[in-house]
Structures are given as C-alpha cells and as structure tokens.
Amino acid sequence: MKQNFLCYCIILFACLITLPSNAQPNKMIDPKDSLRIRELNRFWKEVSRTVEAGDFEGYKATYHKDAVCVFTTGKNKLTTPIALQLAQWKKGFADTKAGKNHDKVEFRFSQRVGDATTAHETGIFYYTSVDMNGKVLGKSYVHFEDLLVKKNGVWKSIMEYQKSVATQEEWDAMAK
C-alpha cells in the first residue's frame, strides 16, 4: 500500500507549476525558443491545474495516446504505457475532485531544448498531497525528463521519465 502510494505521488509528476521563464536567466533567448517556452509554460500550467482540480480527463489530454512512462526512482525500474498509468492514477484524481485531499505539483527546469514541434524538458518536480485534515500524505522531489510533441497546435507528452529522487536543496538551487 505504501509503495503504491509513493508510486502514485512520484508518478503524479505532472502537475502544479511554479515555472521560471528560463532555466538560464542571463542567457539571451532566441525568439523562436521564447515562443516554444511560453507555449510549454502554458502546457505545464495546465498539467498542474488538472492535478490540483482533480480533473482526470484534462490531465489525460496532456499525454499523447501512445505515451510511455519510465520510472527509475524506486527499487523497481520499469516502463509502462500511459493508459496503464492513467488507470492507476484515476482514483487519486477522484479523491482530489471530491475534496478528500489536495494535491499540488510544481516544476523547475534546468534545461529546455526543442524546436517548433518537439521539446525535451529536464528538471525537478515537487509533488505534495495533503488530506482534508491537513495531514501530509506524500511529499516528493523528483528529477524528471519529458519529451513532448506539438500536433495540430497542441503540445502532448510522449515520454515521462522520472529519473531519481531529488532533494529540497537541489530544488531550492533551481529557484527563480
């Protein structure tokens, strides 16, 4: 049960954001990169909104139908299709929507690479889950990577890779 919850916490990756405009604030941003980053900031904000609202269908819509999740944060290293992961995460979204808990995820980025229709994002996400009595159910900092594609003007995640557990110090070092 605890392992499933931890997996759920870590996997919920996706979600409430505090994004810096760019991981390297002193570097000049190419206008085409700036547009992509603005679009991806909106993508991550939507992912976060869906987690906080318990909007399962909205969250599901942020993934390509053939997306793959890769997990190497625990003792079990695995890859799974997004359909399987979504089935496992659905109850958590229902609990959030029903007010049984409050889930939140924030993202910070160390590298954002891409072009007009592809992106590779690297960083740390911070996920928290608190029940309606204020008890912390889960708290995780996770190094992650995500591959995204833009189809018909919409960004979709095609691979979510949760690489390793991060620390609060690493998170704080990536602050705006």
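How many residues does the hairpin that joins β1 to β2 run through? Six views of this predicted model follow, with the reply in the view of β1 and its partners.

**View 1. The whole protein, with its 5 helices and 6 strands.** Start with the chain as a predicted model, read from one end to the other. Along the sequence the elements come as α-α-α-β-β-α-β-β-β-β-α. The protein has 176 residues, and 45% of them are buried. Take the contacts between residues at least 6 apart in sequence: 65% of these join residues at least 24 apart. On the outside, the accessible surface comes to about 9,400 Å², with 56% of that belonging to carbon and sulfur atoms.

**View 2. The open sheet and the helix that packs on it.** Here are the 6 strands, in the order β2-β1-β6-β5-β4-β3, and their pairing is mixed. At the edges sit β2 (78-81) and β3 (101-114), each of which pairs on one side only. Ignore direction, and neighbouring strands of the sheet are turned by 20° against each other on average. Helix α4 (residues 82-97) packs on this sheet and touches β1 (63-71), β2, β3 and β6 (154-165). The direction of α4 makes about 90° with that of β1.

**View 3. β1 and its two partners, β2 and β6.** Back to the opening question: the hairpin takes the chain from β1 to β2 through 6 residues. These two strands run antiparallel and are joined by 4 bridges. One residue to pick out is F71, whose bridge partner in β2 is L78. With β6 it's a parallel story: β1 and β6 pair in that sense over 5 bridges. For a landmark in this pairing, look for V70, which has Y161 of β6 as its bridge partner.

**View 4. The β3–β4 hairpin, with Q111 along the way.** Which way do β3 and β4 pair, parallel or antiparallel? They're antiparallel, and the pairing of β3 with β4 (residues 118-131) covers 13 bridges. The hairpin that joins β3 to β4 has 3 residues. K104 can be matched with T128, its bridge partner in β4. Further along, Q111 lies in strand β3 and stands opposite T122 in β4. Now step over to G123: Q111 and G123 are 12 residues apart along the chain, yet their C-alpha atoms are separated by 6.8 Å. Is Q111 buried, partly exposed or exposed? The relative accessible area of Q111 is 40%, so this residue counts as partly exposed, falling between the 20% limit for buried and the 50% limit for exposed. When looking along strands like these, keep a general point in mind: in a regular strand, side chains alternate between the two faces of the sheet.

**View 5. Aromatic rings, in pairs and in a cluster.** There's plenty to look at here, as a search of the whole structure turns up 17 aromatic pairs. One of them is F56 with F93, an edge-to-face pair at 5.7 Å centre to centre, with 75° between the planes. F56 belongs to helix α3 (residues 56-60) and F93 to helix α4, so this pair ties together parts that are 37 residues apart in sequence. Both F56 and F93 are buried. Y59 and Y63 make another pair: the ring centres are 5.4 Å apart and the planes lie at 70°, which is over the 60-degree cut-off, so this pair counts as edge-to-face too. Y59 and Y63 are likewise both buried. Then there's the cluster, in which ring pairs link F43, W44, F107, F109, F125 and F144. F109 has company from a charged residue as well: R112 lies over the face of the F109 ring, at 4.2 Å from the ring centre.

**View 6. N152, in the loop between β5 and β6.** The last stop is the loop that lies between β5 (136-151) and β6, where N152 is found. What is the phi of N152? The angle is positive, about 50°, although N152 is not a glycine. Is N152 buried or exposed? N152 has a relative accessibility of 82%, which is over the 50% cut-off, so it counts as exposed.

Methods:
Residues numbered from 1 in each chain as written. Predicted model: local features only at pLDDT ≥ 70, side-chain atom pairs only at ≥ 80, totals over all residues. Heavy atoms only, no water. Buried < 20%, exposed > 50% of the residue type's maximum accessible area, 1.4 Å probe, protein only. Contact = heavy atoms within 4.5 Å. Areas by Shrake-Rupley, 256 points an atom, 1.4 Å probe, with all protein chains shown as cover. Pairing = 2+ DSSP bridges. Axes fitted to C-alpha atoms, helices over the stretch in contact; angles between N-to-C directions. Phe/Tyr/Trp six-rings, centres within 6.5 Å; stacked < 30°, edge-to-face > 60°. Lys NZ or Arg CZ within 6 Å of the ring centre and 35° of its normal.
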